[in-house]
Amino acid sequence: MMLRITSAFKQVLVIIVKHRPFLALVCTISAMVSGFLAPLAIWVNSQIIDLGLEVASHKLSFKNYIPYLILFGISLLMPQIITTIKTTYLEPATELIFSTSLKKDLIRQLEKMSYEHFENEQSLEIMDKTFNRLEESATHLFPNYFFRMIATTISLLGILFLFFDIRWWLPLTLLLPFFLDSYFSTKDQFDIYQEMDAYWQREQRYTILGKMLRTRKSVTENQLLQASNYLVSTYKSRLEKRNKEFEHYYFLNLTRHFLRQNIMRFSQLINVLILLFIYYRGDIAIGVLLALIMAIFSSLWEDLYSLKNIVKSLGVHVKTFDYYQAYLQLSQDEYGMIDQIPRTCSVVFDDVCFTYPGTTKQILKHVSFKIEAGEKVALVGQNAEGKSTTIKLLLGLFKPDSGQITIDGQPLSAYTQAVREGLFGTVFQEISKYDISVNDNIGLGDVSQIGNRELILEAAKKANLEKIIDKLPEKGATLLSREFTGGVDLSGGQWQRLAIARAFMGEKPLLILDEPTSQMDPVVESQIYSDFLAMSEEKTVLLVTHRLGATKITDRIIVFSGGSIIEAGTHDELVDKNGLYAEMFQSQQQWYDVKEGA
Ligand SMILES: Nc1ncnc2c1ncn2[C@@H]1O[C@H](COP(=O)(O)OP(=O)(O)OP(=O)(O)O)[C@@H](O)[C@H]1O
């Protein structure tokens, strides 16, 4: 534990010292001064009372009393001055540093993080907790706890010395009950953090529906389906279940605290009685008695509690830094040295096996195939056979358990990040719809050319989007959003064409379409595919589709079943073979016949 605490403090101090060493200096000095003030105040108070009595009985001249009055004034004013420095300068200034520096580190790490973490619950928990808690925990550690730990330690040593000076064992009667109390409450608190942590997953499950219900898509869909009442009441009953769990846990927490919180009160009473007894025996003056009794109830009490609270709540912030470390260690994509984007690309899967991280079912089983540079290939099969998984592996979103995947003869990790960004033009079923203009939405396919209207127009033409853009109120400059006045939303099929245009940006040698036309009429879809393949020229194309009308025009079809390739060949070859492909094609053919006949 000590190691984790030290490491967390080290991390925040390194950031502060790197950015503003002056803040670390101000914090340390003001904490030290603050620490000396409490014992000084006790001593000054005792002198003020005892010497004040002597002044009153003319045993001491008022002139000699003045330095004590000055010290009394200083001990009264200084704590407020230091608190002001801390709250109005130190705290806001460090907050700014953390919010900039930590956010930058978090985002930088996110940029290179392997995609697999975004589909892994354990990694998502680490990311969520780090993003939500890190800045807050950092500001708790510095300046808050850092300041309080220095100030309280010095102050406690000073005060305990004053007690030690009277009887050597007095610090023990003060500290023992404190240690007992601290042990119980710290243990309770750490147990609670453990419990709270375990709540994350359940909390996610209880509240995820609520997040969904707030999205525009779900509001529209629910209004149509009249499903709101059902979904809202499901959400409500989940929340009620969650509240019951939390209430139970709060109750447990309350009883634990109630049983143990009075240890320190008894110790205060006992120590006051001891001091009265020592005074009664004439071993201390009245000023010392009163100042020490006051200290037991004020500064000493505050110091002990401050220390206890720091230890108690340190756990959650130290834990945040554990998550931060785990976050920094989440694996990143590997990049190599090849810095030229190949003009044309072959793709080879060599005996690839794959199981999703955190699961046991093997999804791809010894998959091998080669796609020549410039070839147009369709991956087909029934649901959940591993087609999209094959695409995810090809894109490098996941790594195979065994086997090798090469692009133009090289594994993906041999290419630089810039080349990898320029290799694939992708269109998925779930299209990213950005609330920006049509042109910019297309331009995102190659951000370096986002202002190049000619290229964007060319990509739009290739995706047959030109006429649709022409009809928009402000053509390519039209904002694609219902959230803005004057914004327009496209239909599902139009968005899919826009996504295809996006894939054509940047002359990417590998085009990957994973069911991108599901929202289109099958006949229109066939037309789009034939236009698309004609426009793809020498690019290599991988097409995942359930609609087998489109596969006829590809060079080759690969059929997946149970995570393996069971057939491969041209449309005619596979129809002649009379296997799974022929069966799937025949069951869809009537549909095309009716459509074409109509
Ligand atoms: N992130 C994931 N974690 C765990 N399992 C996953 C993940 N993504 C997909 N799977 C599982 O992998 C299997 C293959 O899914 P995949 O999406 O590759 O199939 P598919 O052939 O593309 O299916 P469809 O035609 O329905 O899109 C499915 O059983 C699916 O549940």
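The following legends describe close-up views of a predicted model of a protein chain with a ligand.

**Figure 1. Overall composition of the protein chain.** The predicted model contains 19 helices and nine strands in its protein chain. Of the 598 residues in the chain, 29% count as buried. Among contacts with a separation of 6 or more, 76% are made by residues that stand 24 or more positions apart.

**Figure 2. Surroundings of the ligand.** The residues around the ligand are E119, Y356, T359, I363, G381, N383, A384, E385, G386, K387, S388 and T389. By class, this shell comprises three nonpolar, six polar and three charged residues. Helix 11, which spans residues 387-394, gives the most to the shell, with three residues.

**Figure 3. Segments annotated as transmembrane regions.** An unreviewed UniProt entry lists residues 21-45, 65-82, 145-163, 169-186 and 263-280 under "transmembrane region". In the model, residues 21-45 are 100% helix and 0% strand, and the C-alpha atoms at the two ends of the span lie 36 Å apart. Residues 145-163 are likewise 100% helix and 0% strand, with 26 Å between the end C-alpha atoms.

**Figure 4. The cis peptide bond before P143.** The peptide bond that runs from F142 to P143 is cis, and its omega is near 5°. P143 belongs to helix 4, which covers residues 121-164.

**Figure 5. The open sheet of strands 2, 1 and 4.** Three strands form an open sheet in the order 2-1-4, with antiparallel pairing. Strand 2 (362-371) and strand 4 (402-407) are the edge strands, each of which pairs on one side only. On average, neighbouring strands of this sheet are turned by 20° against each other, direction ignored. Strand 1 (residues 347-355) and strand 4 are joined in the antiparallel sense over five bridges. Within this pairing, V348 has T406 of strand 4 as its bridge partner.

**Figure 6. D351 in strand 1.** The view is centred on D351, a residue of strand 1. Although D351 is not a glycine, its phi is positive, at about 55°. D351 counts as exposed because 12 C-beta neighbours lie inside 10 Å, and the exposed class extends to counts of 12 or fewer.

**Figure 7. Parallel pairing of strands 5 and 6.** Strand 5 consists of residues 424-428, and four of its five residues are buried, so the strand is largely enclosed by the rest of the structure. Strand 5 pairs with strand 6 (residues 510-514) in the parallel sense over five bridges. The bridge partner of G425 in strand 6 is L511.

**Figure 8. E507 ahead of strand 6.** E507 is placed in the loop between helix 16 and strand 6. The phi of E507 is near 45°, a positive value in a residue other than glycine. With 15 C-beta neighbours inside 10 Å, E507 counts as partly exposed.

**Figure 9. A460 and its contacts.** A460 is part of helix 14, which comprises residues 453-462. Because 26 other C-beta atoms lie within 10 Å, A460 is buried; the threshold for this class is 20 or more. When neighbours within four places in sequence are left aside, A460 is in contact with I442, L465, E466, I469 and A501. A460 and R497 are 37 residues apart along the chain, and their C-alpha atoms are separated by 8.3 Å.

**Figure 10. S481 in the loop between helices 15 and 16.** S481 is located in the loop that links helix 15 (466-470) and helix 16 (492-504). S481 is partly exposed, since 17 other C-beta atoms lie within 10 Å. Not counting residues up to four places away in sequence, S481 touches D435 and G487. S481 and I436 stand 45 residues apart in sequence, while the C-alpha to C-alpha distance between S481 and I436 is 7.2 Å.

Definitions and conventions: Residues are numbered from 1 along each chain as its sequence is written. This is a predicted model: local features need pLDDT of at least 70, side-chain atom pairs count only at pLDDT 80 or more; totals for chains, interfaces and linings use all residues. A residue is near a molecule or strand if its C-beta atom, placed from the backbone, lies within 6 Å of it. Ala, Val, Leu, Ile, Met, Phe, Trp, Tyr, Cys and Pro count as nonpolar, Asp, Glu, Lys and Arg as charged, and the others, Gly among them, as polar. Two residues are in contact if their C-beta atoms, placed from the backbone, lie within 7 Å. UniProt positions are given in the numbering used here, feature names are shortened, and annotations may be inferred rather than shown by experiment. Two strands pair if DSSP finds at least two bridges between them. Axes are lines fitted to C-alpha atoms, for helices over the stretch in contact, and angles run from 0 to 180 degrees between N-to-C directions.
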